Amino acid sequence: MNTTEQLLSAKLDQLLAVLERMAPPAPKPLQAESADTFVWEPSRLELAPVKKVNRVDLGLIHGVDHVRDQLVSNTERFARGLSANNVLLWGARGMGKSSLVKAAQASVNQTAEKPLKLIEIHREDINSLPVLMNLIKESDYRFILFCDDLSFDHDDTSYKSLKAALEGGVEGRPDNVIFYATSNRRHLMPREMIDNERSSAINPSEATEEKVSLSDRFGLWLGFHKCNQDDYLAMVDGYAAHYGFNYPVEKLHAEALEWSTTRGNRSGRVAWQYVQDLAGRLGISIHA
């Protein structure tokens, strides 16, 4: 081999090495039995098992009884192989939307014949949904795909991947997959974005139809609203009873109300933050 051929061969080897680095990795074999909860990692095309899930017991979620029962019922039907809806949990922050999803899965799994799997997909990875669904569609397990704090901003087109994954496409959504999402926005996009597009459109009713129709792909909408004082105190009382606090009720309520006033909000998150503070002052170790 002469010098020219050697140089050409070296260049070809370098080119092949670059192409190998650019090629997407092969999906790793699905090991759904390794855990009940996973996080989707699209860069490695794998489901990372979560050994210790940050969740609270379903019985500790107060003030949202109606939507809690609706979500659990929908989840139970899905786990049994019956018809169930994609779910959008929307509304006030800190009212336990994401906690309820994780708690519902754990509650259903206590009686399910086969564990229901929960896969968290991050908002920025929505475009990889088709890859994820293709990976799990042949599994014997049933999966909840869960996206927390889902929303879309102006010029964001990744919502199209979600629309196709939920209902569209030739294959449609696999029978063993359902999608749960939480958001502060009912239509998953800012109100000013809707108003701006309507005001500048020739046909305002069609201007935002494509984006607003995304929320229509969720058959079940569960609204979470700011809680009143009684519901807030019920949350605090529930935590205190669960962790066995020996603390005067009058003092507990007075401190909890003062705590919420300093935060400018009453919610499940604020109640939990107060309980954490109180537990620390009482020398009690608690875990969510």
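Here is a short walk through the inside of this structure, from its confidence to its cores and its empty spaces.

The model is a predicted one, and a good place to begin is how far to trust it. The average pLDDT of the chain is 83, and 80% of the residues reach a score of at least 70. One stretch to treat with care is residues 197-202, where the pLDDT is below 50. In the model this stretch has 8 contacts beyond near neighbours in sequence. Where pLDDT is low, coordinates from a prediction should not be read in detail.

Now let us step into the interior. The largest nonpolar core is made up of 47 residues, and the members that touch the most others are Leu71, Tyr232 and Tyr274. Helix α11, which covers residues 268-282, gives this core its largest share, 7 residues. To get a feel for the packing, find Leu71 in the structure. Leaving aside residues up to four places away in sequence, Leu71 touches Val87, Leu89, Leu100, Val101, Ala104, Tyr180 and Leu222. There is also a second core, separate from this one, with 32 residues; among them are Phe38, Trp90, Leu188 and Phe218.

Next come the empty spaces. Rolling a probe the size of a water molecule over the atoms shows where such space is left. The largest pocket holds about 570 Å³ of space. Its lining is formed by 26 residues, and those nearest the pocket's centre are Gly94, Gly96, Ser98, Ser99 and Arg269. Helix α11, already met in the largest core, returns here: along with α3 (97-109), β6 (177-183) and α9 (229-242), α11 supplies at least two residues of the pocket lining. What mix of classes does the lining of the largest pocket have? There are 11 polar residues, 8 nonpolar ones and 7 charged ones.

Finally, look for the enclosed spaces. The structure has 2 cavities of 30 Å³ or more, and the second largest cavity contains about 40 Å³ of space. Around this second largest cavity you will find Leu129, Met133, Leu145, Leu162, Ala165, Leu166, Arg173, Val177 and Phe179. Two or more of the lining residues come from each of α4 (129-136), α5 (159-166) and β6, with α5 giving the largest share, 3 residues. By class, the lining of this cavity has 8 nonpolar residues, 1 charged residue and no polar ones. Strand β6 thus appears in the lining of the largest pocket and in that of the second largest cavity.

Conventions: Residues are numbered from 1 along each chain as its sequence is written. This is a predicted model: local features need pLDDT of at least 70, side-chain atom pairs count only at pLDDT 80 or more; totals for chains, interfaces and linings use all residues. Side-chain values use heavy atoms; hydrogens and water are left out. A nonpolar core is a set of buried Ala, Val, Leu, Ile, Met, Phe, Trp, Tyr and Cys residues joined through side-chain atoms within 4.5 Å. Buried means under 20% relative accessible area, exposed over 50%, partly exposed in between (1.4 Å probe, protein chains only). Helices (H or I, at least four residues) and strands (E, at least two) are DSSP runs, numbered from the N terminus. Contact means heavy atoms within 4.5 Å. On a 1 Å grid over the protein atoms alone, a cavity is a set of points where a 1.4 Å probe fits but cannot get out, and a pocket is an open set with protein on both sides within 12 Å along at least five of seven lines; lining residues have an atom within 4 Å of a point. Grid points are joined across faces, edges and corners, and a volume is the space filled by probe spheres set on the points. Ala, Val, Leu, Ile, Met, Phe, Trp, Tyr, Cys and Pro count as nonpolar, Asp, Glu, Lys and Arg as charged, and the others, Gly among them, as polar. pLDDT is the predictor's confidence in each residue, from 0 to 100.
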